[in-house]
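Reader: I'd like a close look at one part of this model: the charged side chains and how they pair up. How many salt bridges does a search of the whole structure find? After that, feel free to carry on into the rest of the fold.

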Amino acid sequence: MHLPLSSLVASLLAPPITRNHGCRTRIICGGISFLLGAILNATAQNLAMLIAGRLILGVGIGFGNQVVPLYLSKVAPAHIRGGLNMMFQVAKTIGRFTANMINYGTEKLQPWGWRLSLGLAAAPALLMTVGGIFLPETPNSLIERESRNDGHKVLEKNRGTSDIGAELQDMTDASECANAIKNPFKSILRRNIPQLIMVIFMPAFQTLTGINSILFYAPVLFQSLGFGGNASLYALSLTSAVLVASTLLSIGTVNQLGRRGLLISGGFVMVICQ
């Protein structure tokens, strides 16, 4: 409960940080949140410290889930943009599977195995934080903050060519158009109602299927079905492995089926499983 709640709050507070300070700052803030949360959980002496650590981890999730796909979209060339964004989902599913395998392995290390399991989250958090320091800011963000020369340099370096005039002008025009809109949310409500409905309800319905609850509380659910402690963690690892396999399958078939075809196929599978 604590982690999703703080993640929701962080998601609502994150956009102003991106507008004023760029994607790179949010990546670093998310990494620091993950790092602090992992350290606090690993060294927890009571329930209050565990809850505080979960709240801080939720802030990292709220920042990271928003900013990483946005950063990838802004720095990637158009012809590989979709593939890079799908790799974000691949990384999440592989990370979930790895975490479940770590939980399965450390469960036998009594009485300190749970501290090791929670504390190991500091390793990718540190990598994310340090990596964020060395990442370049996105050209779009620099242009939006009136640093066109810096945006030009970053875009030229990202593309590996000096022939970027047309793309740079497109970014500049888009930034000027966006800044000219005084109330963007009112504009969306007036002109883009169908798109807004799709953007809100598609992920909402996916969440309402209960998959997040299953993934969060899978060990408890499996134990309630009669699985032992080790068996429940093993079953959760198998569930995560299916996530990885289905994500890779989606990447391999997206060009043949299309995104709409994958969406419909996934819906049929969820209906059958429910």
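**Salt bridges, and what lies around them**

Author: Searching the whole structure turns up 1 salt bridge. The term means a side-chain nitrogen of Lys or Arg within 4 Å of a carboxyl oxygen of Asp or Glu. Before going on, bear in mind that this is a predicted model, where local features need pLDDT of at least 70 and side-chain atom pairs count only at pLDDT 80 or more, while totals for chains, interfaces and linings use all residues. Residues are numbered from 1 along each chain as its sequence is written, and side-chain values use heavy atoms, with hydrogens and water left out.

The pair in question is Glu167 and Arg159, whose side chains meet at 2.7 Å, N to O. Arg159 is buried, since its relative accessible area is 19%. Glu167, at 26%, is partly exposed. The cut-offs here are under 20% relative accessible area for buried, over 50% for exposed, and partly exposed in between (1.4 Å probe, protein chains only).

Now for an arginine without such a partner. Arg26 sits in helix 2, residues 23–42. (Helices are DSSP runs of H or I with at least four residues, strands are runs of E with at least two, and both are numbered from the N terminus.) Arg26 is buried, yet has no salt bridge. The nearest side chain of opposite charge belongs to Glu137, 10 Å away; in that search Lys and Arg count as positive, Asp and Glu as negative, and His and the chain ends are not counted. What does Arg26 contact, leaving aside its neighbours within four places in sequence? The list is Ala14, Pro15, Ile17, Thr18, Gly62, Phe63, Gln66 and Val67, where contact means heavy atoms within 4.5 Å.

Back to the stretch that holds Glu167, where Thr172 is worth a stop. Thr172 lies in helix 9, residues 165–180, and counts as buried because its relative accessible area is 9%. A polar atom of the Thr172 side chain lies 2.9 Å from the backbone oxygen of Leu168. Not counting residues up to four places away in sequence, Thr172 touches Ile143 and Arg148.

A few more spots link parts of the sequence that are well separated in number. Asn20, in helix 1 (residues 2–21), is exposed, given a relative accessible area of 52%. Its C-alpha is 9.1 Å from that of Glu144, although the two are 124 residues apart in sequence.

Helix 6 (residues 122–134) offers two residues to follow, one of them Met128. With residues up to four places away in sequence left out, Met128 touches Ile27, Gly30, Gly31, Phe34 and Gly64. Measured against Arg260, by contrast, Met128 is 132 residues away in sequence and 33 Å away in space, C-alpha to C-alpha. Ala122 is also in helix 6, and its 17% relative accessible area makes it buried. Under the sequence filter of four places, Ala122 touches Leu35 and Ala38. The C-alpha atoms of Ala122 and Ala42 are separated by 9.3 Å, with their positions 80 residues apart along the chain.

One backbone detail for your force-field setup: the peptide bond from Gln110 to Pro111 is cis, with omega near 0°. Pro111 is placed in the loop between helix 4 (81–106) and helix 5 (113–119).

On the surface there's a nonpolar patch made of Leu189, Ile193, Ile197, Val199, Ile200, Phe201, Phe205 and Leu208, with about 800 Å² of accessible area together. Patches take residues with over 30% relative accessible area and no salt bridge, joining like charges within 9 Å and nonpolar side chains (Val, Leu, Ile, Met, Phe, Trp, Tyr) within 5 Å. Helix 11 (residues 193–208) gives the largest share, 7 residues. Ile197 is in helix 11 and, at 41% relative accessibility, counts as partly exposed.

Finally, the whole chain. It has 14 helices and 0 strands. The C-alpha atoms fill a box of roughly 60 × 45 × 35 Å along the principal axes. Of the 274 residues, 27% are buried. Among contacts with a separation of 6 or more, 66% join residues 24 or more positions apart. The chain exposes about 17,100 Å², and carbon and sulfur atoms supply 68% of that; accessible areas come from the Shrake-Rupley method with a 1.4 Å probe, and for residues only the protein chains shown count as cover.

How values were computed
A polar contact is a pair of N or O atoms within 3.5 Å; within protein, one must be able to donate a hydrogen and the other to accept it, and residues adjacent in sequence count only if both atoms are side-chain atoms.
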